[in-house]
Amino acid sequence: MNNRPLKKIIFKLTQDEDGYPPVEFESIWGLQITPQKYEVDNIPYYIYGVSKGDIILAIESDNEIHASHLLSRGGHSTLRVFAEDETARHQIFTHLTKNGAQCTSTKGSSLLAIDIPPTTDFQKIDAFLSSLSNNETIAYEDACLQHTVDDENRIKECHSLSTIPILAN
């Protein structure tokens, strides 16, 4: 059993010209390692460049803990799927979880946040999502890639969009 305290870590988000993401802040759970080091313990919805299992530096101020830097990577990748149709979203959720991914969503939202652990076949999941994506009713994006991918530009884009500075490799 893990005896490390679980704390909420707040990330300040940057909205684009269309107002995405629809929130200015996202809080995620972190397992406290030291007073300022935390291991991310859930799947980020809107945060870029951070995945479950990553170690982050966070600073406490006014009884809130704010993310500062990514210190090390845990090997997970995070994707987001937008599926307008609830049946399609459920089918995607079922397929991904059967293939080793973890998915989370909010009732009434068209967004699925997907965690792909290091031991899960990323290429298989990526190919499945690519085959479904029409960029209209079903689309997906890379939020944080830590698996090997053929297109280096995808990783560069994830780094360029990172919500917090990356100190890790």
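**Entry 1: Pro22**

I started at Pro22 and looked up its contacts: setting aside neighbours within four places in sequence, I found Pro22 in contact with Gln15 and Tyr46. A reminder to myself before going on: this is a predicted model. Where does Pro22 lie? I find Pro22 in the loop between S1 and S2. Next I checked whether Pro22 is buried or exposed. Its relative accessible area is 54%, so I note Pro22 as exposed, the cut-off being over 50%. I also looked up Pro22 against Leu145: they are 123 residues apart in sequence and 22 Å apart in space, C-alpha to C-alpha.

**Entry 2: Strands around that loop**

I stayed with the strands and asked in which sense S1 and S2 pair. They are antiparallel, with 7 bridges. Looking across from Ile9, I see Ile28 of S2 standing opposite. Then I followed S2 onward to strand S3, residues 37-40. How many bridges join S2 to S3? I noted 4 bridges, and these strands run antiparallel. One partner I wrote down is Lys37 in S3, which bridges to Thr34. S2 and S3 make a hairpin, with 2 residues between them.

**Entry 3: Aromatic rings**

I turned to the rings and learned that the structure holds 3 aromatic pairs. Why is the pair of Tyr20 and Phe82 called edge-to-face? The ring centres are 6.1 Å apart and the planes stand at 70°, and over 60 degrees counts as edge-to-face, so the name fits. I then looked up where the two rings sit in the chain: Tyr20 is in the loop between strand S1 (6-12) and strand S2 (25-34), while Phe82 is in strand S6 (residues 77-83). That makes them 62 residues apart, and the pair links distant parts of the chain.

I checked the accessibility of both. Tyr20 has 23% relative accessibility and counts as partly exposed. Phe82 has a relative accessible area of 26%, and I note Phe82 as partly exposed too.

Another pair is Tyr45 with Tyr46, 6.1 Å centre to centre with 50° between the planes, which is tilted. Are Tyr45 and Tyr46 buried or exposed? Both Tyr45 and Tyr46 are buried. To tie this page together, I wrote that Tyr20, Tyr45, Tyr46 and Phe82 form one aromatic cluster. Tyr46 is a residue I had already met as a contact of Pro22.

**Entry 4: Charges over rings**

Which ring does the charged end of Lys12 sit over? I found the ring of Phe25, with its centre 5.2 Å away. I also looked up Arg80, which lies over the face of Tyr48 at 4.5 Å from the ring centre.

**Entry 5: Helix H3**

My last stop was helix H3, residues 152-161, where I noted Arg154, Ile155 and Cys158 as buried. Why do I put them on the same side of H3? They cover an arc of only 95° around the axis, so they share one side. What do these buried residues pack against? I listed helix H2 (122-132) and strand S9 (138-144). On the face turned away from the buried side I found the exposed residues Asn153, Lys156 and Ser160.

I finished at the start of H3, where a side-chain oxygen of Asp151 comes to within 3.0 Å of the backbone nitrogen of Asn153.

Technical notes: Residues numbered from 1 in each chain as written. Predicted model: local features only at pLDDT ≥ 70, side-chain atom pairs only at ≥ 80, totals over all residues. Heavy atoms only, no water. Phe/Tyr/Trp six-rings, centres within 6.5 Å; stacked < 30°, edge-to-face > 60°. Buried < 20%, exposed > 50% of the residue type's maximum accessible area, 1.4 Å probe, protein only. Lys NZ or Arg CZ within 6 Å of the ring centre and 35° of its normal. Pairing = 2+ DSSP bridges. Arc of directions from axis to C-beta. Contact = heavy atoms within 4.5 Å. Polar contact = N/O pair within 3.5 Å; in protein donor to acceptor, adjacent residues only side chain to side chain.
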